[in-house]
Structures are given as C-alpha cells and as structure tokens.
Amino acid sequence: MRIAILSQGPQLYSTRRLVEAAVARGHEVKVINPLKCYMNINMTKPSIHMAGKNLGHFDAVIPRIGASVTFYGSAVLRQFEMMGVYAVNGSIGIARSRDKLRSMQLLSRQGIGLPITGFANKPSDIPDLIDMVGGAPLVVKLLEGTQGIGVVLAETRKAAESVLEAFMGLKANIMVQEYIAEAQGADIRCFVLGDKVIAAMKRQAKPGEFRSNLHRGGSATLVKLSPEERSVALRAAKTMGLNIAGVDLLRSNHGPVVMEVNSSPGLEGIEKATQKDVADAIICFMEKNIDKAVKSRP
C-alpha cells in the first residue's frame, strides 16, 4: 500500500517508528507536513497539492497532527477522506478529542467516570465554580494547553480565586476540575487500538510536581489494568470515535476517571515502558481494516 503519515516532524520518534514499521511490512510511505499542503476542493476530483505538485493517490493515511495545527491539519485530513483514502483516525474523532470541554461533555453523557468539572467565563461565577468542584485544592486547565502546559494546581481557595481571575482577565478559555489527591501524582496511559487496549503504563510525577507528563520529567513503568480500567479506556476511545487513542486515567476512590483522550498518543514512552512494538501493531491494524472500509463504501 501507499501510506501517508501527516506529521510536521519526520525526525520525531513516533513518526520514525511508524515509517520503519510500515516499510518493514512492504509498504511505501511518505511523511507529509500538513501545513505545506493546499487543497483543490471540487465535486468531481478533489486533490491535495504540495510545492506545485499533486500528491496523487494514497491508500491510507495516519494522522499525527499536532495540537497547535488542529484546524488546518484536520482540513487536510478531511480532504484525504473526501478522496476516499482510509484514515486510521478520522477527522471528526480528532476534532472531538482536541476540544477538551466538548470531550468531557461527551464522556459525561455516556456515563464514563470523570473528575467533577466546571466551566464559566465571568469572575462573578468564581465562588460558585470553586464550590462546584469541591473547593480547594483544585486544578485549573487551559483548554488549549498540551503536555501539561497551562495546568495549575491551586492549593487554597485564595490561590484558586487569584488564578481564575488572572486567566479570565486574559480572556483565556479554562476549565476547573476537582483534585484527585489519592492518585498521588500518578496517572495511567492506556493505548487503545481498535477494540483492545494493547499497552498500558503508569506515569509518576517527579517529586514536588503533580503533573505526570513525561515531558514534565515524569517516569513511566509497566502497569496491569483492572477490567474496569480497561473497559473505561475502550468506552472513552469509542465515544470520541477514535481507533487509536491514548486514554489517560486516574485511580480515584470512586473508580477510574478519565482525564483526557489523546488522538495522537506518543509511542516512545509506551514502547519503552512496555517493550511492545506498538508501531507494528498500528500498521497491522491498518492492513486488516482498510479492506473493510473499502468494502463498506457506497
């Protein structure tokens, strides 16, 4: 097959591993920067161009679209979909997962465990907003933040009021969540592929830090999931409409709660922590499912 990988960084670990896995299985692969693409949108023969040339036909596309380019990257992915190319993760699922507030609302509607979450846009709402999530300590999150950036732990009510007023003063979109103290700075990344969790790792924040992201200095180890955790991860990915997802869970006193569903989960941490060839599993999944997708087309 001819496979396109939408990625701004051909040198990035995840992109390199996917290229290696696809080539090892006999496929032709092209890494395409979505920001360098432009599109001919028409009703007879839609196409994608780059540097003055038509990119031509691809059988499948693997989107690795960075959060900062979600809008344009999703537009390019939709163009591939319009051209009949099989997308391992579809544009609708990616858009759902990237909107943190919308994703929380969708998960809540499906009865999936979440930290209590509040959203408001006026300083006068702050006192009730803080009470709504159980008071301080609480977590304030920028809706546009990634990799732990824009996430603040407010340990007292006064600190929470100050942080919320500051963010609102900057017209930033934020949400407030209860702080799950019993998680002790650890979360679980479940790597979902289709209808299975193929790998899972526990990420532990470094001392003095509550964010467990590996980019923030956290460490990763292999973890065994409970049946409930596995079920929650699968339901969360399905709710977003994603075949590939990194579902981040916290172990709370009232069961697993979903913190985030990532549509472009990194491969480096999960492969090193679990010693599993996740990249090869993704290519195998694509091979098995592309035929089904083609046969189901009208």
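This tour moves through two sheets of a predicted model and ends at two annotated residues.

**First stop: the parallel sheet**

Begin by selecting strands β2, β1, β6 and β7, which in that order make up an open sheet of four strands. The pairing throughout this sheet is parallel. Colour the edges next: β2, residues 28-32, and β7, residues 86-87, each pair on one side only.

Keep β2 in view and add β1, residues 2-6; the two strands run parallel and are joined by five bridges. To centre the view on one of the bridged pairs, pick leucine 6 and its bridge partner in β2, isoleucine 32.

Now display helix α2, residues 70-82, which packs on this sheet. The helix touches β1, β2, β6 (60-63) and β7. Orient the view along β1 and compare directions: that of α2 makes about 165° with that of β1.

**Second stop: the antiparallel sheet**

Hide the preceding elements and select β14, β13, β12, β15 and β16. These five strands, in the order given, form an open sheet with antiparallel pairing. The edge positions belong to β14 (219-222) and β16 (255-262), each of which pairs on one side only. Passing from one strand to the next, the twist averages 30°.

Within this sheet, isolate β12, residues 186-193, together with β15, residues 244-252. Six bridges link them in the antiparallel sense. For one pair to label, choose isoleucine 188, whose bridge partner in β15 is leucine 249.

**Third stop: the annotated residues**

Which residues does UniProt list for "binding site"? The unreviewed entry gives Glu260 and Asn262 under that heading.

Select glutamate 260 first. This residue is placed in strand β16, an edge strand of the antiparallel sheet. Its relative accessibility is 31%, and glutamate 260 therefore counts as partly exposed, since that class lies between the limits of 20% for buried and 50% for exposed. Show its surroundings as sticks: beyond neighbours within four places in sequence, glutamate 260 is in contact with Lys100, Gly246, Val247 and Asp248.

Finish at asparagine 262, which also lies in strand β16. Apart from neighbours within four places in sequence, asparagine 262 is in contact with Arg189, Ile244, Ala245 and Gly246. Leave Gly246 highlighted as the closing view: this glycine appears among the contacts of glutamate 260 and among those of asparagine 262.

Methods: Residues are numbered from 1 along each chain as its sequence is written. This is a predicted model: local features need pLDDT of at least 70, side-chain atom pairs count only at pLDDT 80 or more; totals for chains, interfaces and linings use all residues. Side-chain values use heavy atoms; hydrogens and water are left out. Two strands pair if DSSP finds at least two bridges between them. Contact means heavy atoms within 4.5 Å. Axes are lines fitted to C-alpha atoms, for helices over the stretch in contact, and angles run from 0 to 180 degrees between N-to-C directions. UniProt positions are given in the numbering used here, feature names are shortened, and annotations may be inferred rather than shown by experiment. Buried means under 20% relative accessible area, exposed over 50%, partly exposed in between (1.4 Å probe, protein chains only).
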